[in-house]
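Thanks for sharing this one. Could you open the structure beside these notes and follow along?

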Amino acid sequence: MSDNGRIQLNVRISKETSSKLDEIVEYYQQGLKLGRIYKSDVLTDIIEKSYEVMNKQKRSFKRY
């Protein structure tokens with residue numbers, strides 16, 4: 001079985017957070033029209049975008 005460079009994360013989140021994630025997934029589903037969108041795809045996108053923002057902020061802090 002090939003793992004495609006992926007790992008599985010098992011996390012516990014509140015029901016409220018889970019509901020918010022479901023709503024975000026639905027928003028992505030409606031906005032992208034690419035077929036089925038999975039929670040893992042949404043979480044990956046959110047993490048990647050947050051990482052980019054973090055690095056931009058870190059670079060701007062170094063300038064001072």
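The points below go from the pocket to the surface patch and to two residues of the pocket lining.

1. Please keep in mind that this is a predicted model. The values here are computed from its atoms.

2. Let's begin with the largest pocket, which holds about 520 Å³ of space. It is lined by 13 residues, and the closest to its centre are Ile7, Leu9, Ser40, Leu43 and Thr44.

3. What does the lining of the largest pocket consist of? Its residues divide into seven nonpolar, four polar and two charged. Helix α2, residues 39–62, gives the most to this lining, with five residues.

4. Two of the names from the pocket centre, Ile7 and Leu9, come up again on the surface. There, Ile7, Leu9, Val11 and Ile13 form a nonpolar patch, and together they have about 480 Å² of accessible area.

5. Leu9 is worth a look of its own. This residue sits in the segment before α1 (15–32). Is Leu9 buried or exposed? Leu9 counts as exposed because its relative accessibility is 65%, and the cut-off for exposed is over 50%.

6. Ser40, also among the residues closest to the pocket centre, belongs to helix α2. With a relative accessibility of 38%, Ser40 counts as partly exposed, because that class lies between under 20% for buried and over 50% for exposed.

7. One last pair to find on your screen is Ser40 and Val25. They are 15 residues apart along the chain, and 9.4 Å separates their C-alpha atoms.

Conventions
Residues numbered from 1 in each chain as written. Predicted model: local features only at pLDDT ≥ 70, side-chain atom pairs only at ≥ 80, totals over all residues. Heavy atoms only, no water. Patch = residues over 30% accessible without salt bridge, like charges linked within 9 Å, V, L, I, M, F, W, Y side chains within 5 Å. Areas by Shrake-Rupley, 256 points an atom, 1.4 Å probe, with all protein chains shown as cover. Salt bridge = Lys/Arg side-chain N within 4 Å of Asp/Glu carboxyl O. Helix = DSSP H or I, 4+ residues; strand = E, 2+ residues; numbered from the N terminus. Buried < 20%, exposed > 50% of the residue type's maximum accessible area, 1.4 Å probe, protein only. 1 Å grid on protein atoms, 1.4 Å probe; cavity = no way out; pocket = protein on both sides within 12 Å on 5 of 7 lines; lining within 4 Å. Points joined across faces, edges and corners; volume = space filled by probe spheres on them. Nonpolar A, V, L, I, M, F, W, Y, C, P; charged D, E, K, R; others polar.
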